[in-house]
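This report introduces one protein model to a reader who has not met it before. Please keep the structure in view while reading.

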Amino acid sequence: KLNKIDNYYLLAHFDNEIVSLSLGSNHCIIMDQKGNLYGIGDNTYGELGPMKLSEEKFSPLKFAKISSPIKKICCGARHTVFLLNNGEVFAMGDNSLGQCYGFDSRIGMPIKVELNYEKGKVVDVFCGYSHNLLVRENGDIMTWGDSSSGKLGYNEEHLSQYNPKLVLDLQQKCVTK
């Protein structure tokens with residue numbers, strides 16, 4: 001529940017302790033200690049899922065395809081990525097540069113990010129403005145999304161990488177963060 005303090009601030013009250021929040025350019029997702037998700041802000045690209053959201057209250061977010069508890073949420077500018085406890089990764093929102101998964105330009109429901117690489121479970125995810133990085137339990141790094149300016153860690157001829165790709169220069173470096 002939100003209470004207006006003045007014309008600039010809203011005070012939010014939640015039933016459970018907040019354990020995580022992530023901010024995109026114009027959206028925010030919050031997770032409480034029971035794994036409940038709440039979103040507020042712009043949902044033009046589906047970055048908050050298939051709901052019509054209020055600009056003045058946090059709306060509960062529920063996704064049928066996500067069966068395992070969520071370990072981490074992270075937001076890019078107009079997309080959201082979820083890491084589940086079982087190591088699966090889901091994404092939704094703006095996909096114009098491949099920052100979710102596949103080739104649709106907007107993903108309004110969480111889509112599973114398929115990893116064509118079987119060496120170790122995913123243990124962490126990070127979002128940039130329009131790109132992502134994941135860390136495998138063996139320390140390997142995979143990146144996808146907008147590859148301009150070399151931000152994915154490899155030289156690509158294309159401006160976008162629509163599927164996670166192993167960063168070979170970091171292989172066997174045991175990256176943890």
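## The two pockets

In this predicted model, the lining of the largest pocket is made up of nine nonpolar, four polar and two charged residues. That lining comprises 15 residues in total, and those that lie nearest the centre of the pocket are G35, N36, L37, L61 and I70. Three strands, β4 (27–32), β5 (37–41) and β6 (59–61), each contribute at least two residues to the lining of the largest pocket, and the space within this pocket comes to about 260 Å³.

The second largest pocket holds about 200 Å³ of space and has a lining of 14 residues, with G87, E88, K112, L115 and R136 lying nearest its centre. By residue kind, the lining of the second largest pocket consists of six charged, five nonpolar and three polar residues.

## An open sheet of four strands

Further along the chain, four strands form an open sheet in the order β11-β12-β13-β14, with antiparallel pairing. Because β11 (122–127) and β14 each have a single partner strand, they stand at the edges of the sheet, and one side of each is left without a neighbour there. On average, and with direction ignored, neighbouring strands of this sheet are turned by 10 degrees against each other.

## Strand β13 and its partners

Strand β13 covers residues 141–146 and is mostly covered, since six of its six residues are buried. On one side, β13 is joined by five bridges to strand β12 (residues 131–136), and the two run antiparallel. Among the facing residues of this pair, H131 stands opposite G145 in β13, while L134 has M142 in β13 as its bridge partner. The hairpin of β12 and β13 has four residues between its strands, and within this hairpin G139 takes a positive phi near 95 degrees.

β13 also pairs with strand β14 (residues 160–166), again in the antiparallel sense, over four bridges. In this pairing, T143 stands opposite K165 in β14.

## The loop after β13

The loop between β13 and β14 contains S149, whose phi is near 65 degrees, a positive value in a residue other than glycine. Is S149 buried or exposed? Its relative accessibility is 79%, and because the exposed class begins over 50%, S149 counts as exposed. The residues of strand β13, by contrast, are buried, six of six.

Note on methods: Residues are numbered from 1 along each chain as its sequence is written. This is a predicted model: local features need pLDDT of at least 70, side-chain atom pairs count only at pLDDT 80 or more; totals for chains, interfaces and linings use all residues. Side-chain values use heavy atoms; hydrogens and water are left out. Buried means under 20% relative accessible area, exposed over 50%, partly exposed in between (1.4 Å probe, protein chains only). Two strands pair if DSSP finds at least two bridges between them. Axes are lines fitted to C-alpha atoms, for helices over the stretch in contact, and angles run from 0 to 180 degrees between N-to-C directions. On a 1 Å grid over the protein atoms alone, a cavity is a set of points where a 1.4 Å probe fits but cannot get out, and a pocket is an open set with protein on both sides within 12 Å along at least five of seven lines; lining residues have an atom within 4 Å of a point. Grid points are joined across faces, edges and corners, and a volume is the space filled by probe spheres set on the points. Ala, Val, Leu, Ile, Met, Phe, Trp, Tyr, Cys and Pro count as nonpolar, Asp, Glu, Lys and Arg as charged, and the others, Gly among them, as polar.
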